[in-house]
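This report covers the surroundings of two ligands and one helix pair. The sequence and structure come first.

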Amino acid sequence: MSKLLVTGGAGFIGSNFVRYVLDNTEHSVTVLDKLTYAANVASLDGLDAQRFSLVKGDVKDAQIVDQLVSEHDAVIHYAAESHNDNSLEDPRPFIETNVVGTYTLLEAVRRFGVRYHHISTDEVYGDLTLDGVERFTEATPYNPSSPYSSTKAASDMLVRAWARSFGISATISNCSNNYGPYQHVEKFIPRQITNILSGVRPKLYGAGENVRDWIHASDHSAAVLQILEHGRIGETYLIGADGQKSNREVIGFILKILGRDKDDFDLVADRPGHDLRYAIDYSKLRTELGWTPRFSDFESGLTRTIQWYESNAWWWSPQKEATETRYASQNTQIRESKTSS
Ligand code: NAD
Ligand code: TDX
């Protein structure tokens, strides 16, 4: 039994990991979370108080980070500014949390000799051609496109440098796009589900042809636990679930499941620098650690996710209006910067 420190555990994927660990192991968990707009403490409701606690704090705060790291056996670092569209509007919090926050944790891990697992994204590899068949592997060169993905790439590089130069016990995982319950309504799938449930037409960027490689968040959690417990120190593992779908296909599923017409969506201005396609080759994780995804049928995982949003409007509706107001202001800024350039 170990004491795990999970940063960002009040967010979408971190809270899924916390529930997964408490349900499937004997470990105890402390969450360190700044509780930004992206957090929802209700995602952690009902957890066993004997094995779980929440500390409100910033991963850039060396004092609190040192204290907590010294009291735990392992750190699993999920905390991040995570939304590409926000990073285009204001990159600063991404530099601060994703880069300086990771640096702060690495220094504490180095000082106290604690095991460290770093959560990252496939977006560090840039994008692939739309009609190609190639996939990212652990050997793909880094080539991030957005302020968000460049700060995640920078944080991965810090981990590699601290492992090589200071010998910290680190592993890294780079996962593809997650879906499932408790995801913030700013992200593509929940935004469109909750738009439809609120009587608003879904919004597809550009021509809707961009492809994402979808994985259920609980499969991501299972893979991270496997790497934490059995991964080779110093290694990077890609996590995916063979879930490539164009955004149009995803909207088509959502409209069908909710009984709407298949053309009931709007095409809107594209995201600047919008990555075309992501695709993960997770052979290393499968062959080395014997991991495979459980949610292999995207449509049934999506159906359950939609049912969750239908039944839990209390969880998402307080964030919906502020999210759409932020989108409206971002669209104005993008249009104004295009006019002036
Ligand atoms: P999220 O935005 O839902 O949650 C992020 C959490 O981090 C929030 O609870 C927030 O309060 C917390 N946080 C932000 N800044 C902090 C700070 N300075 N100190 C402490 N806590 C802070 O994000 P998510 O989608 O759950 O992503 C979690 C991690 O997984 C991120 O590192 C992200 O890069 C990575 N990831 C996400 C996906 C995806 O599809 N969402 C895919 C691959 C990797
Ligand atoms: O309203 C929308 N319309 C739309 O067409 C939104 C919000 C998104 N999109 C498109 C953009 C992408 O092609 O949908 C796709 C998915 O968009 P996001 O949910 O914003 O995810 P993405 O930019 O792919 O990044 C996600 O996956 C990798 C997470 O937000 C990152 O944290 C993770 O690293």
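## Ligand 2: polar contacts and cover

In this predicted model, a nitrogen atom of ligand 2 is 2.9 Å from a backbone N or O atom of Lys-203. Two oxygen contacts of ligand 2 can be added. One joins an oxygen atom of the ligand to a backbone N or O atom of Phe-188, at 2.9 Å. Asn-177 uses its side chain instead: an N or O atom there lies 2.9 Å from an oxygen atom of ligand 2. On its own, ligand 2 has 660 Å² of accessible area, and the protein covers 94% of this.

## Ligand 2: the shell

Around ligand 2 there are 22 residues, of which Glu-123, Tyr-148, Arg-191, Arg-271 and His-274 come nearest. By class, the shell holds nine polar, seven charged and six nonpolar residues. At least two shell residues come from helix 6, and at least two from strand 8 (203–205).

## Helix 6 against helix 8

Helix 6, which supplies residues to the shell of ligand 2, also packs against helix 8. The axes of helix 6 (residues 188–197) and helix 8 (residues 247–257) come within 11 Å and cross at roughly 35°. The crossing is right-handed. On the helix 6 side the contact is made by Phe-188, Ile-189, Gln-192, Ile-193 and Ile-196; helix 8 brings Asn-247, Val-250, Ile-251, Ile-254 and Leu-255. Eight of these contact residues are nonpolar and two are polar, with no charged residue.

Phe-188 thus appears in two settings: in the contact with helix 8, and with a backbone N or O atom 2.9 Å from ligand 2.

## Ligand 1: polar contacts and cover

For ligand 1, an oxygen atom is 2.6 Å from an N or O atom in the side chain of Asp-33. Backbone atoms take part as well. A polar backbone atom of Ile-13 lies 2.8 Å from an oxygen atom of ligand 1, and a backbone N or O atom of Leu-35 lies 3.5 Å from an oxygen atom of the ligand. The accessible area of ligand 1 on its own is 840 Å², and the protein covers 97% of it.

## Ligand 1: the shell

Helix 1 (12–24), strand 5 (115–121) and helix 5 (147–166) are the elements that give two or more residues to the shell around ligand 1. Strand 5 gives the most, with three residues.

Ligand 1 is surrounded by 28 residues, the closest being Ile-13, Asp-33, Ser-82, Tyr-148 and Lys-152. The shell divides into 13 nonpolar, eleven polar and four charged residues. Tyr-148 is among the closest residues to ligand 1 and also among those nearest to ligand 2.

How values were computed
Residues numbered from 1 in each chain as written. Chains lettered and ligands numbered in written order. Predicted model: local features only at pLDDT ≥ 70, side-chain atom pairs only at ≥ 80, totals over all residues. Heavy atoms only, no water. Axes fitted to C-alpha atoms, helices over the stretch in contact; angles between N-to-C directions. Helix = DSSP H or I, 4+ residues; strand = E, 2+ residues; numbered from the N terminus. Left-handed = near helix turned anticlockwise from the far one by under 90°. Contact = heavy atoms within 4.5 Å. Nonpolar A, V, L, I, M, F, W, Y, C, P; charged D, E, K, R; others polar. Near = heavy atom within 4 Å. Polar contact = N/O pair within 3.5 Å; in protein donor to acceptor, adjacent residues only side chain to side chain. Areas by Shrake-Rupley, 256 points an atom, 1.4 Å probe, with all protein chains shown as cover.
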